[in-house]
Amino acid sequence: MKTSQLLFRRAARIVAALLLAGVCGLTGCLSRPALTRQTFTFAAPTISVTNAFTGGRVLGIRSLQIAVPFDGRSFVYRTGGFSYVRDPYAGFLEPPAEELIAPLRGWLRSNGNFSAVVEAGSALKPDASAEIIVNQLFGDFRQPEHPAAVLTMQFVFFDAPKGVPGKVILQQEYSRSMPLAAPTAAALMDGWNRALAEILAEVSTDFRRSETAEQVR
């Protein structure tokens, strides 16, 4: 038998065991004859009062993209160096790009860096814009005894004095791998929310630093 076939079968057995354990923990499969799909959403990160700051810019989010294969509703688990599997019983209520946009807008409105965050078509014209890409969004089960929630995001902020993106204010990728309390979908969603909160806090600090550096030039 070819080596690739052996590796595929081994990965499949591991994935099946993980999914069964996670699904049973979530749904109580011993007491329920039928499995039901669990759905989750991103939570808006809490803004610390110590981060009080008042910025005058109006921000417009030009785009928010989720990289393939993480752009679907089903949760994605990494089980090997190049192997991933989708969970048929756990996922986002809506596509992840739609799930993320509301918490991101809310956080950007509240963190003090901007006076407002507007949507396309708003009468209030932005003088800064942002492009956001989620490069990684998966549960890492390569070591079943140490599961983790992985989230990697890239932020690009532009100066846009007339609503047209110009000079780059900040361009940075941020990544977090958060350990899970249990190998379940609920714990994975909690890990992603914690990762999102940490990333956005770092984005806020970096943006303020970049703005300050630009003003003193």
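**A walk through the predicted fold**

P147 sits in the loop that joins strand 6 to strand 7 (148–159). The model in which this loop appears is a predicted one, and P147 offers a convenient point of entry. With a relative accessibility of 8%, P147 counts as buried, because the limit for that class is under 20% relative accessible area. Leaving aside residues up to four places away in sequence, P147 touches D140, F141, M178, P179, L180 and P183. Two of these partners can be placed directly: D140 belongs to strand 6 (residues 128–140), and M178 belongs to strand 8 (residues 168–179). The C-alpha atom of P147 is also separated by 9.9 Å from that of Y77, although the two positions lie 70 residues apart along the chain.

The wider architecture gives this loop its setting. The protein has three helices and eight strands, and from the N terminus on these elements follow the order α-β-β-β-β-α-β-β-β-β-α. Among contacts between residues at least 6 apart in sequence, 69% join residues at least 24 apart. Buried residues account for 43% of the 217 residues. The protein exposes about 11700 Å², of which carbon and sulfur atoms supply 55%.

From the loop at P147, the chain can be followed back into strand 6 (residues 128–140), where F138 is found. Is F138 buried or exposed? Its relative accessible area is 2%, so F138 is buried. Beyond its neighbours up to four places away in sequence, F138 touches F70, V76, R78, Y84, A148, A149, V150, L188 and W192. Three of these contacts, A148, A149 and V150, fall within strand 7 (148–159). The C-alpha atoms of F138 and L151 are 7.0 Å apart in space, with 13 residues separating them in sequence.

Two of the residues touched by F138, namely F70 and Y84, also meet each other. The count of aromatic pairs in the protein comes to 14. F70 and Y84 form one of them, in an edge-to-face arrangement with 5.9 Å from centre to centre and 70 degrees between the planes. This pair links distant parts of the chain, since F70 lies in the loop between strand 2 (57–66) and strand 3 (74–78), whereas Y84 lies in strand 4 (residues 84–92), 14 residues apart. The partners differ in exposure: F70 counts as buried at 7% relative accessibility, while Y84 is partly exposed with a relative accessible area of 36%. W192, another contact of F138, takes part in a cluster in which ring pairs link F40, F42, F75, F92 and W192.

The loop that carries F70 holds a further feature. P69 lies in this loop between strand 2 and strand 3, and the peptide bond from V68 to P69 is cis, with omega near 10 degrees. Most peptide bonds are trans. Strand 2 itself contributes three residues to the lining of the largest pocket, the largest share from any source. That pocket has a volume of about 230 Å³. Of its 14 lining residues, the closest to its centre are G60, E119, A120, G121 and P126.

Helix 2 (residues 96–110) comprises 15 residues and reaches 22 Å from its first C-alpha to its last, close to the 21 Å expected at 1.5 Å a residue. Which residues of helix 2 are buried? They are P96, E99, L100, I101, P103, L104, R105, W107 and L108. In an α-helix there are 3.6 residues a turn, so residues three or four places apart point the same way. Just after helix 2, G112 adopts a positive phi of about 95 degrees. For most residues other than glycine, phi is negative.

The last stop is strand 8 (residues 168–179), where Y174 has its place. Y174 counts as buried at 2% relative accessibility. Not counting residues up to four places away in sequence, Y174 touches L151, T152, M153, F155, I199, E202, V203 and D206. Among these, L151, T152, M153 and F155 fall within strand 7 (148–159). The C-alpha atoms of Y174 and L151 are 8.3 Å apart in space, with the two positions 23 residues apart in sequence. L151 thus appears in relation to Y174 as well as to F138, and strand 7 leads back to the loop of P147.

Notes
Residues are numbered from 1 along each chain as its sequence is written. This is a predicted model: local features need pLDDT of at least 70, side-chain atom pairs count only at pLDDT 80 or more; totals for chains, interfaces and linings use all residues. Side-chain values use heavy atoms; hydrogens and water are left out. Helices (H or I, at least four residues) and strands (E, at least two) are DSSP runs, numbered from the N terminus. Buried means under 20% relative accessible area, exposed over 50%, partly exposed in between (1.4 Å probe, protein chains only). Contact means heavy atoms within 4.5 Å. Accessible areas come from the Shrake-Rupley method with a 1.4 Å probe; for residues, only the protein chains shown count as cover. Rings of Phe, Tyr and Trp (its six-membered ring) pair if their centres lie within 6.5 Å; planes under 30 degrees apart count as stacked, over 60 as edge-to-face and the rest as tilted. The expected span of a helix is 1.5 Å times one less than its number of residues. On a 1 Å grid over the protein atoms alone, a cavity is a set of points where a 1.4 Å probe fits but cannot get out, and a pocket is an open set with protein on both sides within 12 Å along at least five of seven lines; lining residues have an atom within 4 Å of a point. Grid points are joined across faces, edges and corners, and a volume is the space filled by probe spheres set on the points.
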